[in-house]
Amino acid sequence: MQIVELFAGGGGVACGIKEVNPTAEVWAVEFDPSNQKLSEKIADNYQKNFPDHHLISKSVQQCQEQGWAGFPINPDLLWASTVCCNFSIAKSKKIETTNDFDMAISTMGAVFHLQPKHFVLENVPGYKNSKTFKLVICKNLKAMGYKFEWSICRVSSIQKRYRIILRASKTEKLLEEVSLEPAVNWWDVIKDIPTEKSDKEPMDVELPTWKFRIGRRCKPVTSDCSFPTIIKSYFMDGKGANRNKFADIFLPDGTVKLANMEMVKRLSEFPLEYQLSGTTAVDGAILGNAVPPVFVSELWRRFLNQDRKSTRLNSSHTVIS
């Protein structure tokens with residue numbers, strides 16, 4: 001199978017695809033000209049984890065200018081996790097920019113040039129109200145003959161992380177809608193990970209309690225609640241440098257643990273074998289922006305199972321004359 005991934009980041013989608021379809025051939029585009037240094041480090045970490053993938057260190061606009069030369073025609077899947085910062089709830093004023101339109105136009109250029117069998121677009125829920133989504137994405141898909149559906153889905157079983165997921169196809173059956181059920185206890189996911197003792201004073205708690213050190217959503221989270229959405233700003237200061245002490249975990253016995261990036265990786269539902277970069281700001285950007293791999297693998301697994309059933313059904317009805 002051939003898969004093209006735009007705005008690939010550190011490889012959340014690639015992890016999900018690899019779990020279900022380890023032999024898939026993947027082309028991944030990752031380059032952000034507005035933050036070139038960080039983007040290069042993210043791309044390096046993608047390549048470290050997926051050395052067999054075709055990594056293209058260009059922006060989608062550059063790929064569009066070059067007519068998507070070198071990419072496969074009619075790939076099985078084209079996935080685009082378009083940049084979401086201007087539509088996120090973390091941003092008080094949601095102002096669409098020329099760059100938002102350019103990225104959407106280039107994404108539709110990829111659909112036009114490559115003619116994928118399936119197209120998936122992922123973004124924050126606020127994207128559904130944008131002119132970019134309505135006038136560029138939806139109108140162009142319709143004009144190109146793609147049938148599509150979109151819905152707001154829970155994409156993590158641990159975090160309260162919701163995304164708009166658009167599923168499009170021209171000739172094939174649409175990928176099935178997926179929304180994950182919440183897990184019971186986030187502490188069970190991370191309690192075995194070694195960590196340092198925190199310098200914070202103990203809190204009187206009845207359950208393990210996580211508390212981010214910064215951000216307006218920093219109220220304590222007990223282990224019986226869904227974890228809040230992890231965002232990259234928790235892990236870097238205003239200049240983009242590391243914020244190594246970003247959260248603490250308070251336990252009922254009075255112990256206070258310092259949260260670390262291995263814990264964040266687990267809470268982001270990345271596989272154990274995924275290698276972090278070792279730099280908090282880079283890893284925070286990767287995990288804070290990523291689609292949880294478990295969501296991608298469930299979406300793709302359901303389609304592959306559905307496709308196999310369809311193939312078997314068609315084969316059983318073959319008539320030889």
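**Figure 1. Helix 1 is mostly covered in this predicted model.** Helix 1 comprises residues 12-20, and 7 of its 9 residues are buried. The buried positions are Gly12, Val13, Ala14, Cys15, Gly16, Ile17 and Val20. A residue is called buried here when its relative accessible area is under 20%.

**Figure 2. Helix 8 is largely enclosed by the rest of the structure.** This helix runs over residues 280-289, and 9 of its 10 residues are buried, so the surrounding structure encloses most of the helix. The buried residues begin with Thr280, Ala281 and Val282, continue with Asp283, Gly284 and Ala285, and end with Ile286, Leu287 and Gly288. Two other helices take part in this packing: the buried residues of helix 8 lie against helix 2 and against helix 7, which spans residues 261-267.

**Figure 3. Asn49 is a buried residue of helix 2.** Helix 2 covers residues 36-49, and Asn49 has its place in this helix. The relative accessibility of Asn49 is 11%; because the limit for a buried residue is under 20%, Asn49 counts as buried. When neighbours within four places in sequence are left aside, Asn49 is in contact with Lys18, Glu273, Tyr274 and Gln275. With Gln275 there is also a specific approach: the side chain of Asn49 reaches the backbone nitrogen of Gln275 at 2.7 Å.

**Figure 4. The whole chain contains 9 helices and 11 strands.** The radius of gyration of the chain is 21 Å, and the globule rule gives 20 Å for 321 residues; these values are close, so the chain is as compact as a globular protein of that length. Along the principal axes, the C-alpha trace spans about 75 × 45 × 35 Å. Of the 321 residues in the chain, 50% are buried. Among contacts between residues at least 6 apart in sequence, 71% join residues at least 24 apart.

**Figure 5. The surface and the charges of the chain are summarised here.** The accessible surface amounts to about 15500 Å², and carbon and sulfur atoms account for 51% of this area. The chain carries 42 positive and 36 negative charges, and the mean positions of these two groups are 5 Å apart.

Conventions: Residues numbered from 1 in each chain as written. Predicted model: local features only at pLDDT ≥ 70, side-chain atom pairs only at ≥ 80, totals over all residues. Heavy atoms only, no water. Helix = DSSP H or I, 4+ residues; strand = E, 2+ residues; numbered from the N terminus. Buried < 20%, exposed > 50% of the residue type's maximum accessible area, 1.4 Å probe, protein only. Polar contact = N/O pair within 3.5 Å; in protein donor to acceptor, adjacent residues only side chain to side chain. Contact = heavy atoms within 4.5 Å. Rg over C-alpha atoms; globule rule 2.2 N^0.38 Å. Areas by Shrake-Rupley, 256 points an atom, 1.4 Å probe, with all protein chains shown as cover. Lys, Arg positive; Asp, Glu negative; His and termini not counted. Charge placed at Lys NZ, Arg CZ, Asp CG, Glu CD.
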